[in-house]
Amino acid sequence: MAARILPVLKLATKVTIAGGALYVACDSGILGSGEQGSEALGRAKAAIPPAVEEWMKYFGLETQLPTMPTVEFSPVQTWNSGVRWTVSALSEAPTKANEYTHQLFHYLKDLTK
């Protein structure tokens with residue numbers, strides 16, 4: 001009996017953890033727009049170091065953590081430029097494929113002379 005219940009419990013635990021992680025990500029704004037993601041990053045930067053310090057004191061660890069790296073760019077602008085680049089590349093793909101095909105034919109033609 002226990003052998004049949006154990007796999008079901010393992011699956012239920014995994015689904016619960018994944019669902020909770022998804023709920024927290026949606027609730028905090030990570031999966032929202034670029035602006036919401038940027039705000040969530042700012043909140044995380046403010047909340048994580050004090051929490052880590054508190055846990056280090058709780059467990060009696062006295063090590064110095066490295067400082068948080070600074071983000072020198074706007075995630076919103078980077079996201080938008082990436083989307084623009086991708087859409088631009090997809091719109092130019094048929095033209096580029098035609099151009100490369102003509103170059104290949106000319107190359108093969110020159111090889112067979």
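Reader: Which pattern does the chain follow along the sequence?

Author: Happy to start there, with the reminder that this is a predicted model. The secondary structure comes to three helices and zero strands. Read from one end of the sequence to the other, the pattern of the chain is α-α-α.

Reader: How confident is the prediction, and in which helix is confidence highest?

Author: Across the chain the pLDDT averages 84, and 91% of the residues score at least 70. Helix H2, residues 34–59, has the lowest confidence, with a mean of 82. The highest confidence, at 90, belongs to residues 2–28, that is, helix H1.

Reader: What radius of gyration does the chain have?

Author: Let's take the overall dimensions first: the C-alpha trace spans about 80 × 50 × 30 Å along its principal axes. For a compact globule of 113 residues, one would expect a radius of gyration near 13 Å. The chain instead has 26 Å.

Reader: What share of the residues is buried?

Author: A good thing to ask alongside the surface. The chain exposes about 10100 Å², with 67% of that supplied by carbon and sulfur atoms. A residue counts as buried when its relative accessible area is under 20%. Of the 113 residues, the buried ones make up 4%.

Reader: How far apart are the centres of the positive and negative side chains?

Author: The chain carries 10 positive side chains and 10 negative ones. Taking the centre of each set, the distance between the two is 13 Å.

Reader: How is the pair of Trp-55 and Tyr-58 arranged?

Author: A search of the whole structure turns up one aromatic pair. Its ring centres, in Trp-55 and Tyr-58, are 5.6 Å apart, and the ring planes meet at 80°. Planes over 60 degrees apart count as edge-to-face. The angle is 80°, so the arrangement of Trp-55 and Tyr-58 is edge-to-face.

Reader: Why are Trp-55 and Tyr-58 separated by about one helical turn, and is Tyr-58 buried or exposed?

Author: Both residues sit in helix H2, and because they are three residues apart there, about one helical turn separates them. As for the surface, Tyr-58 has a relative accessible area of 63%. The cut-off for exposed is over 50%, so Tyr-58 is exposed.

Reader: Where does Gly-37 lie, and how far is Gly-37 from Ser-81 in space?

Author: Gly-37 is a residue of helix H2. Its relative accessibility is 25%, so Gly-37 counts as partly exposed. In sequence, Gly-37 and Ser-81 are 44 residues apart. In space, C-alpha to C-alpha, the distance between Gly-37 and Ser-81 is 16 Å.

Notes. Residues numbered from 1 in each chain as written. Heavy atoms only, no water. Helix = DSSP H or I, 4+ residues; strand = E, 2+ residues; numbered from the N terminus. Rg over C-alpha atoms; globule rule 2.2 N^0.38 Å. Buried < 20%, exposed > 50% of the residue type's maximum accessible area, 1.4 Å probe, protein only. Areas by Shrake-Rupley, 256 points an atom, 1.4 Å probe, with all protein chains shown as cover. Lys, Arg positive; Asp, Glu negative; His and termini not counted. Charge placed at Lys NZ, Arg CZ, Asp CG, Glu CD. pLDDT = per-residue confidence, 0-100. Phe/Tyr/Trp six-rings, centres within 6.5 Å; stacked < 30°, edge-to-face > 60°.
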